[in-house]
Amino acid sequence: MHGEYKVPGGKLVVVDVEAGDGVLRQVRVAGDFFLEPDEALDAVNGALEGAPADTDAAGLAARIDAALPSGTVMYGLTSEGVAIAVRRALAHATDWTDYDWQLIHDGPQSPALHMALDEVLTAEVAAGRRPPTLRVWEWAAPAVIIGSFQSLRNEVDAEGAARHGVEVVRRISGGGAMFVEPGNTITYSLSVPEALVQGLSFQDSYAYLDDWVLGALGDMGIRAWYQPLNDIATDQGKIAGAAQKRIVGPGGGPGAVLHHVTMSYDIDADKMLEVLRIGREKLSDKGTKSARKRVDPLRRQTGLAREAVIERMIESFDGRYGLSEGKVTDEELARAEQLARTKFTTPEWTARVP
């Protein structure tokens, strides 16, 4: 069995392993990482050899740590990364390059239709009728998108939203509220087969699916990193938040993962404060004293137009994994439009957690 894992902000770890009689055999760890001294690699392989095959990633990492020679230096590599690569091998996980990725980047659409498209397209990937898809959003109207489990009245100032003409929609994924305006936000979705994140914990899957955009930002001169559980940050503050939803495949079989990210390009912080109810507890949790400092726009950090940032992100993804132009099919659009009418614009859904 073969498993690969790109350590977030680090290097690729490759593991070849067999599992016989319930234990790991013939473990071989490789990759483009740096490791000193040389015998540390033998120690890693030896720590994994004979380990129970059902040992979780934390348990495997602990075995590796205990076996490393004193003074071992890892660069681009972590014991957790090796352990995750082992779990991915045992789970027969796929890799980004195993797929023919499709790009969807259409014109502006309503907030409710965006919510519906996420659900429909990810269900199509789960059913095997659509390839893994990167969808870049364009907004037709300002909106607040609240998480699946958030209280509507606790998160949104209804009078402020009405005053500014801001539509409120609820997405199918968890996480926190996001304030978006056309031209001021960059939002994208990844709809991927569940096999791509096999062997990863829920938290690790966020880092794994965000890694490509960290590279894209780096190419634009921004040193960004994944900040658990679902943020992308720089040394000047948070710039993006991610959320996920798992969709089960037909008949309860292997499904798909929706991973969507909203990035702040040039947020009107004053308007955001009038629309969102951002409590002191949330601000203190983020280590900031004011909501204005919670999001740091990409415009100032890149000096690029929003369209140029999106173009470079797409080019980075294409360079890594390949990407072909695609579109929402007529059938998918019809289903999404119906779902927008019957679900995402209804009080029953939007206020399901009052």
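In this predicted model, the side chains of Asp266 and Arg299 meet in a salt bridge, with N and O 3.1 Å apart. This pair links distant parts of the chain: Asp266 sits in the loop between strand S15 (256–264) and helix H8 (269–275), while Arg299 belongs to helix H10 (residues 298–302), 33 residues away. Asp266 counts as partly exposed, at 25% relative accessibility, and Arg299 is likewise partly exposed, with a relative accessible area of 40%. Elsewhere, Lys6, Asp211 and Arg320 are joined into one network by salt bridges that share partners.

**Salt bridges**

The structure holds 12 salt bridges. Among them are the three pairs listed here.

| Lys or Arg | Asp or Glu | Closest N to O distance |
|---|---|---|
| Lys343 | Glu119 | 2.9 Å |
| Arg129 | Glu124 | 2.8 Å |
| Arg299 | Asp266 | 3.1 Å |

Lys343 pairs with Glu119. Lys343 lies in helix H12 (residues 330–344) and Glu119 in helix H4 (residues 111–126), so this salt bridge ties together parts that are 224 residues apart in sequence.

The partners Arg129 and Glu124 form a salt bridge with their closest N and O atoms 2.8 Å apart. Arg129 counts as exposed, because its relative accessibility is 58% and the cut-off for exposed is over 50%. Glu124 counts as buried, because its relative accessibility is 6% and buried means under 20%.

**Two buried residues**

Where is Glu181 placed? Glu181 is found in the loop between strand S10 (178–180) and strand S11 (185–193). With a relative accessible area of 9%, Glu181 is buried. When residues up to four places away in sequence are not counted, Glu181 touches Pro142, Asp268 and Lys271.

Ala85, in turn, is part of helix H3 (residues 79–90). Is Ala85 buried or exposed? Ala85 is buried, its relative accessible area being 0%. Leaving aside neighbours within four places in sequence, the residues in contact with Ala85 are Gly3, Tyr5, Val13 and Val15. Between Ala85 and Ala53, the separation is 32 residues in sequence and 13 Å in space, from C-alpha to C-alpha.

Definitions and conventions: Residues numbered from 1 in each chain as written. Predicted model: local features only at pLDDT ≥ 70, side-chain atom pairs only at ≥ 80, totals over all residues. Heavy atoms only, no water. Helix = DSSP H or I, 4+ residues; strand = E, 2+ residues; numbered from the N terminus. Buried < 20%, exposed > 50% of the residue type's maximum accessible area, 1.4 Å probe, protein only. Contact = heavy atoms within 4.5 Å. Salt bridge = Lys/Arg side-chain N within 4 Å of Asp/Glu carboxyl O.
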